[in-house]
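Reader: Could you take me through one part of this model in detail? I would like to look closely at its salt bridges.

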Amino acid sequence: AIMTPPSLSIPQENTRANPKLAPWVHGRATRLLLLAGLLAACLAPLGAFANDNTGSEAETLVAEYIDAWKAFYPSRAFAYGDRTSAGVFEDFGGSRVDDWLAFNGQAASAARSLLASENLDLQARTDLKVLLGQTLDEQANWREDDPLHRQPQWYAGRVSQALTHLLVRDQLSTSTRWDALLNRLQGVARLCRLGVDSIEQGNPQRTERALRTLAGTRAFYEGGLPDLLDTWPGAASGSDLRQAVDGSLDEAVTAIRALETHLEALLPDMDDPVAIGLERYTAKLARRSSAQMTPDRLREQAGAEMRRVRTLMVEEARRWQRSLDSESAPDPGLSDEALLAAALEAMEADREDNQAAFLEQFVTLTEASERFVEDHGIATVPKPTTLYIALSPAHFSGAAVGGVYPSGPFDPQADTLFYIPSVPDDAPPEARE
């Protein structure tokens, strides 16, 4: 077993969590979620395994790592369905990052030691290999990318998404939701202050995008969020709780503005390149692909796939051409490229021009896609379907523009939210376009 550093201590309500973890992966936490999927529901309380059982030691090691991961990345854990992480926000100050990297180093050593045993079954060996890859990737990414000091966009991304899952999900009680909001707003302010104290360099183009993201989030905090909170039950205007939230909201706005000011002052002298360089890219690619992919091999496969997709697009454009009558069909003598351009232009002109029709189109297409998957035996689709499709809420304009929010392995039966970006029907024509 490995020891969790004090700064990574897990809240008591998280320590004994034993979720039913679904066997699928998503997003940047791919390695970890695959690991969770492979474990399924077999996680037991930490320390409950016999020391002479290598397979049980592997399960203990993995369970400890998942708990520590949730404590270090609570927003990711909440996004993947862990409700107990809702009221916690990332804290990368003090020694926490160093402790996290040391913890990953210990976990890597423990995984290597267990992998040397011949007494592992296939599942335990696979779990440990995935865990080992996760720990190596964590250590390398933090040390190579140095996000605390050289990536303003890293801060902007975490600030802009701090409340997203709190706003889109309804699995929390009223009091828990308000407490989570309060804690996350305080966390946003803390992270922005860390950025002011830590950021020294960055890429100018990405920093400009980070500034736009921060400005959009601040505008949402100043306008849309207070209006949204007026609709939440449980904290009437003027109550102690609402006053505390409003105070934390003001604190977060002030901290975001301070981070913007800091970045604006640094921007003229920023000169980090956009590209990370061949050596770092090769290393990252090898880690992400378990050493199965090289840049040359990836380029070859990607090129072949793009050519294949282009061919399929042209074939579909030809079918579209043949489906039209002679008066409306494009010239039969058009080249492939010209025909494809005509087909794409026709698709653009055929788009829906109001929110209700746009939403109905996505609902219809999604249902048709589900039937296609079932009819052709491509995959099983559990019933009832836990996919909720809706237009992106108006208050998302400063925090997120649509997107898919999966239930995650810690709460696999929750709805997956499919929010579709939309423009209000009464928006100016140039904005709608």
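To start with one residue: is Glu374 buried, partly exposed or exposed?

Author: Happy to! Bear in mind that this is a predicted model. Glu374 counts as partly exposed, because its relative accessibility is 32%, and the cut-offs put partly exposed between 20% and 50%. Its side chain forms a salt bridge with Lys383, with 3.0 Å between the closest N and O atoms. Lys383 itself is exposed, at a relative accessible area of 53%.

Lys383 also forms a salt bridge with Glu370, where the closest N and O atoms are 2.4 Å apart. Glu370 belongs to helix α16 (residues 355-375), while Lys383 sits in the loop between α16 and β1 (387-391), so this pair ties together parts that are 13 residues apart in sequence.

Now let us move to another pair. Asp145 and Lys284 meet through their side chains in a salt bridge of 3.1 Å, N to O. Asp145 is in helix α6 (residues 122-145) and Lys284 is in helix α13 (residues 278-288), so the contact ties together parts that lie 139 residues apart in sequence. Both of these residues are buried.

Asp145 and Lys284 also belong to a network of salt bridges, which links them with Asp137, Glu144, Arg280, Arg287 and Arg288. As for the wider setting, searching the whole structure turns up 24 salt bridges. The general idea behind such contacts is that side chains of opposite charge can pair when their charged atoms come close.

Note on methods. Residues numbered from 1 in each chain as written. Predicted model: local features only at pLDDT ≥ 70, side-chain atom pairs only at ≥ 80, totals over all residues. Heavy atoms only, no water. Salt bridge = Lys/Arg side-chain N within 4 Å of Asp/Glu carboxyl O. Helix = DSSP H or I, 4+ residues; strand = E, 2+ residues; numbered from the N terminus. Buried < 20%, exposed > 50% of the residue type's maximum accessible area, 1.4 Å probe, protein only.
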